[in-house]
Amino acid sequence: MNLIENNTFSCLPHGGDILDSMGEGLFTVNKDFKINFFNKAAEQITGLSRDEVIGKYCKNVFRSDFCFNECPIARVLESGQNIYDLESRIQCKDGKMVNIRLNAAILKNSNNEPSGGVISFRDISRLKKVNESLKPNTHFFGVVGSSKTMQEIYKLIEDVAHADAPVFIQGETGTGKEMIANAIQITSRRKDKKYVKVNCTIFPSQMLASELFGHVRGAFTDAIKDRIGRFEYADQGTLFLDEIAEMHLHMQVLLLRILQEGSFERLGESLTRKVNVRIIAATNMDIKNAIAEGKFREDLFYRLNVIPIKVPPLRERIEDIPILSSHFILKFSRLYKKEIKMISREASDLLINYPYPGNVRELENIIEYAFIRTKENSVLEVDMLPSFIYEQPQKSKEIAHMEIDLNSVKFIELLEKYNWNKTKVARVLGINRTTIWRKLKALGIDSR
Amino acid sequence: MKSMSEMLGNHYFMVRNYLQAQGIFEDVLSSDPSNIPLRKKLVICYCVTNEITKALSVFNSLISEDPDIIINTDSESEDCPCQGLIFELEGKLLLDQDKLSALLALGMLWLYCNVNSSIEYFYEAQKLSPSDENITYTVSKLRNKISIRDLENSNTYRSQ
């Protein structure tokens, strides 16, 4: 992010208003880690008012263990990579600890130097309760989708439920790989044992080794006491390694050893330890390419790929879009305690035809955005959707090769073909919907 | 590779990882030697990591500009750890074999909190090493500061 130092959001028109309308809590710190912005949602989640926190050190406000050991902003500074969906806990005004999921990034000044940090977060304790309440409405242990490809995945998971073999899940970002991993774990023999998740992109290389295998005091500069790693912690249980293809090669060697022999050493220690952990790995990378480029070890791939699962992108299972949309409407109605009647037909059509480069996660974000904007007990209309959904309509293959004269009979025939759905016709013709509306008005045709 | 940014150094200082903070502050100050907040923190880092000669050098460079740079430290808004460090150091002082280093560290750290206590420790250090020009400079600078302040206070009193 490149924003003007000490003038973070005032350079944006209505910047503060925009951020105050967000459902997610958001705060920024300056380079001294003092809070200099705190939006309304952050006030609601923490119970702290803006006045109480502005100018204070964030560590003194949130009092999280993460502040000292795993500050997300410090991690971004160290690794150079933004953090997404990190789970943490913060203290609220009443002293209660709240589980949150956060994203973190660095703010930079005009010289491209770090000048502050920004964290967006949401209270997932309520979200967790809402997700639990939604599980009976899902198709397979939290996963939503009734398309043929998804049914095949559910069948595969059921078939291997009794096995402890490693699973390798591949799929584009936002396709629900973690949901699939959760479903695998909960149907497995280890469902009552520990289930630990690690995102391999969050940690710099040495920290990932410490995170997974633990360390002893003095192993490196920051190692001030012994620490158990995730493998030991998950012993007899399951470990989910997300974004595994981002792991450095020397880490892959260590992982291969633990898969082959079940043994490892904590960093800085010579004592060999044994664990029994079931691995579920996931990546959004093209793993064959990564192997060909030498970024991922082939022997590790074959060790992990005992049970391969490929999660299809959303555009390849568009029949699941209406079900997913309904699921998210229900979720947000419980989360925001607001009911909306339905999604309009035009909006549904747009949702079905959008390509979703961000897959299910993007659909969820779109539904949430539209849900927040829709008034209670109203219909979710096209206008409530983000503008990028309808601003650039694509011509259909059907008539991509010809231009239609808006004065022609063919234009009217096209409207009749699509039941006078102006949005759809606009997309097919590659023009703006309002152009059609104006033309019909000019022709004296009442299209209602 | 870690970004050698002031902000990362501030984080390490904030979580009391003085060794890491020190390395980053040294790096940043090599290209921005006038950065006062960083120099103030670097003095503290050097005191903790027992690099007293370096600490005194930076300390003296600050008080030569103006002793108030350190005297007027707001411990809360600047997240100054000196009180806690002083408590630990004073406890160790009796046992410390290197008394001179301990006295100098305490003298420097006390200036962030109380100028009178600071100069008491520098006097003690001066007794142990009377020919050390750096200590002599420090004492003279702080004594001068106290004298000016006492004079100002007495003038204020008289005018009332």
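**Exercise 1. Describe the fold and surface of chain A in this predicted model.**

Solution.
Step 1: Count the elements. Chain A holds 21 helices and 14 strands.
Step 2: Take the burial. Chain A has 448 residues, and 49% of them are buried.
Step 3: Check the contact range. Consider contacts in chain A with a separation of 6 or more; 64% of these join residues 24 or more positions apart.
Step 4: Add the surface. Chain A exposes an accessible surface of about 22,500 Å². Carbon and sulfur atoms hold 49% of that area.

**Exercise 2. Place N359(A) and decide whether it is buried or exposed.**

Solution.
Step 1: Locate the residue. N359(A) lies in helix α17 of chain A, which spans residues 359–373.
Step 2: Read the accessibility. The relative accessible area of N359(A) is 0%.
Step 3: Apply the cut-off. Buried means under 20% relative accessible area. N359(A) is at 0%, so it is buried.
Step 4: List the neighbours, leaving out residues up to four places away in sequence. N359(A) touches E172(A), T173(A), G174(A) and T175(A). It also touches P313(A), L314(A) and R315(A).

**Exercise 3. Work out how much area chain B and chain A bury between them, and which residues of chain B lose the most.**

Solution.
Step 1: Count the residues in contact. Chain B contributes 21 residues, and chain A contributes 21 residues.
Step 2: State the area. The two chains bury about 1,600 Å² between them. Of this, 60% is on carbon and sulfur atoms.
Step 3: Find the main contributors in chain B. M7(B), H11(B) and M14(B) lose the most area to chain A. Together they make up 40% of what the chain B side buries.

**Exercise 4. Characterise the polar side of the contact, then the make-up of the chain B face.**

Solution.
Step 1: Count the salt bridges. There are three between chain B and chain A.
Step 2: Examine an example. The side chains of K41(B) and D32(A) form a salt bridge, at 4.0 Å from N to O.
Step 3: Count the polar contacts. Nine residue pairs between chain B and chain A are in polar contact, with both residues at pLDDT 80 or more.
Step 4: Assign the elements. On the side of chain B that touches chain A, α1 (6–14) and α2 (18–31) of chain B each give two or more residues. α1(B) gives the most, with seven residues.
Step 5: Sort by class. That side of chain B has seven nonpolar, seven polar and seven charged residues.

Methods. Residues numbered from 1 in each chain as written. Chains lettered and ligands numbered in written order. Predicted model: local features only at pLDDT ≥ 70, side-chain atom pairs only at ≥ 80, totals over all residues. Heavy atoms only, no water. Contact = heavy atoms within 4.5 Å. Buried area = accessible area lost by both parts, 1.4 Å probe. Polar contact = N/O pair within 3.5 Å; in protein donor to acceptor, adjacent residues only side chain to side chain. Helix = DSSP H or I, 4+ residues; strand = E, 2+ residues; numbered from the N terminus. Nonpolar A, V, L, I, M, F, W, Y, C, P; charged D, E, K, R; others polar. Buried < 20%, exposed > 50% of the residue type's maximum accessible area, 1.4 Å probe, protein only. Areas by Shrake-Rupley, 256 points an atom, 1.4 Å probe, with all protein chains shown as cover.
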